Amino acid sequence: MKILILNGPNLNRLGKRNPDIYGTITLKQLESCCEQYAAQLNMQVECRQSNSEGTLIDILYNTDCDGVVLNAGALTHYGLSLRDCIECLDVPVVQAHLSDITAREDFRKVNVLQDVTIDNCYGQGVNSYYKAIDILAKHIEEKTK
Ligand code: DQA
């Protein structure tokens, strides 16, 4: 089983960007943590990041992975092209967010990806990604039974 860890706009700045909110972990470290976590579950991981909505959409349409953990960054709140892409994707997508998007500014409480993704893990830093991997693994396993 192979999953895609897909990070959106500005997540390449992790480590430097608002460390009080997102912590000091870099994207490289985050990706390596996910790789190690998934390996324990016998899952392979591919990691990608883009600051562009169109590129994220192209990555999703072209993926050969069995599922996706997606942190769409701010596109979570207004990325309707991304939403439409996920809606017609055959691959399951679980959201991961480092911060608690339900307890920040009002615009972050809007989640346009909510109804097209399987679940949404937020507010737990790297653990949000681990939780999303767990949910994805369970979902894929159940579907292939
Ligand atoms: C984020 C939350 C978003 O609101 C923000 O725009 C991000 C990161 C998170 O991981 O907590 O870029 O998705």
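**Exercise 1. Y37 and its aromatic partner**

Determine whether Y37 is buried or exposed in this predicted model, and establish which residue forms an aromatic pair with Y37.

Solution. Begin with the accessibility: the relative accessible area of Y37 is 18%, and since buried means under 20%, Y37 is classed as buried. Turn next to the rings, where a search of the whole structure returns 1 aromatic pair. That pair consists of Y37 and Y130, whose ring centres are 4.3 Å apart and whose planes make an angle of 10 degrees. Planes under 30 degrees apart count as stacked, and the pair of Y37 and Y130 is accordingly described as stacked. Finally, place both residues in the fold: Y37 belongs to helix α2 (residues 27-40) and Y130 to helix α7 (residues 126-143), so the pair ties together parts that are 93 residues apart in sequence.

**Exercise 2. The cysteines**

Find how many disulfides the structure holds, and explain why C65 is in no such bond.

Solution. The search of the whole structure gives 0 disulfides. For C65, the closest cysteine sulfur is that of C47, at 9.5 Å, which is too far for a bond; the cut-off for a disulfide is a pair of sulfur atoms within 2.5 Å. C65 is also buried, with a relative accessibility of 5%. C88 is likewise in no disulfide, the nearest cysteine sulfur being that of C85, 6.0 Å away.

**Exercise 3. Helices α3 and α5**

Describe how the axes of α3 and α5 are arranged, and state which residues make the contact.

Solution. The first step is the geometry: the axes of helix α3 (residues 53-62) and helix α5 come within 9 Å and cross at roughly 5 degrees. Angles under 35 degrees count as roughly parallel, and α3 and α5 are therefore roughly parallel to each other. The second step is to list the residues in contact, which are E53, L56, I57, L60 and Y61 on the side of α3, and L80, S81, L82, C85 and I86 on the side of α5. Sorted by character, the residues of this contact comprise 8 nonpolar, 1 polar and 1 charged.

Helix α5 spans residues 80-87 and also holds D84. With a relative accessible area of 43%, D84 is partly exposed. Its C-alpha atom is separated by 8.4 Å from that of V116, a residue 32 positions away along the chain.

**Exercise 4. Loop residues N10, N18 and T26**

Locate N10 and N18, and give the value of phi for each.

Solution. N10 sits in the loop between β1 (2-7) and α1, and N18 is also placed in the loop between β1 and α1. Phi of N10 is near 75 degrees, a positive value in a residue other than glycine, while N18, again a residue other than glycine, has a positive phi near 35 degrees. Both are partly exposed, N10 at 39% relative accessibility and N18 with a relative accessible area of 38%.

Which residues does T26 touch, leaving aside those up to four places away in sequence?

Solution. T26 is found in the loop between α1 (19-22) and α2, where a relative accessible area of 29% makes T26 partly exposed. Beyond its sequence neighbours up to four places away, T26 touches L14 and G15. By contrast, K2, which is 24 residues from T26 in sequence, lies 23 Å from T26 in space, C-alpha to C-alpha.

Notes
Residues are numbered from 1 along each chain as its sequence is written. This is a predicted model: local features need pLDDT of at least 70, side-chain atom pairs count only at pLDDT 80 or more; totals for chains, interfaces and linings use all residues. Side-chain values use heavy atoms; hydrogens and water are left out. Rings of Phe, Tyr and Trp (its six-membered ring) pair if their centres lie within 6.5 Å; planes under 30 degrees apart count as stacked, over 60 as edge-to-face and the rest as tilted. Helices (H or I, at least four residues) and strands (E, at least two) are DSSP runs, numbered from the N terminus. Buried means under 20% relative accessible area, exposed over 50%, partly exposed in between (1.4 Å probe, protein chains only). Axes are lines fitted to C-alpha atoms, for helices over the stretch in contact, and angles run from 0 to 180 degrees between N-to-C directions. Angles under 35 degrees count as roughly parallel, over 145 as roughly antiparallel, 65 to 115 as roughly perpendicular and the rest as oblique. Contact means heavy atoms within 4.5 Å. Ala, Val, Leu, Ile, Met, Phe, Trp, Tyr, Cys and Pro count as nonpolar, Asp, Glu, Lys and Arg as charged, and the others, Gly among them, as polar.
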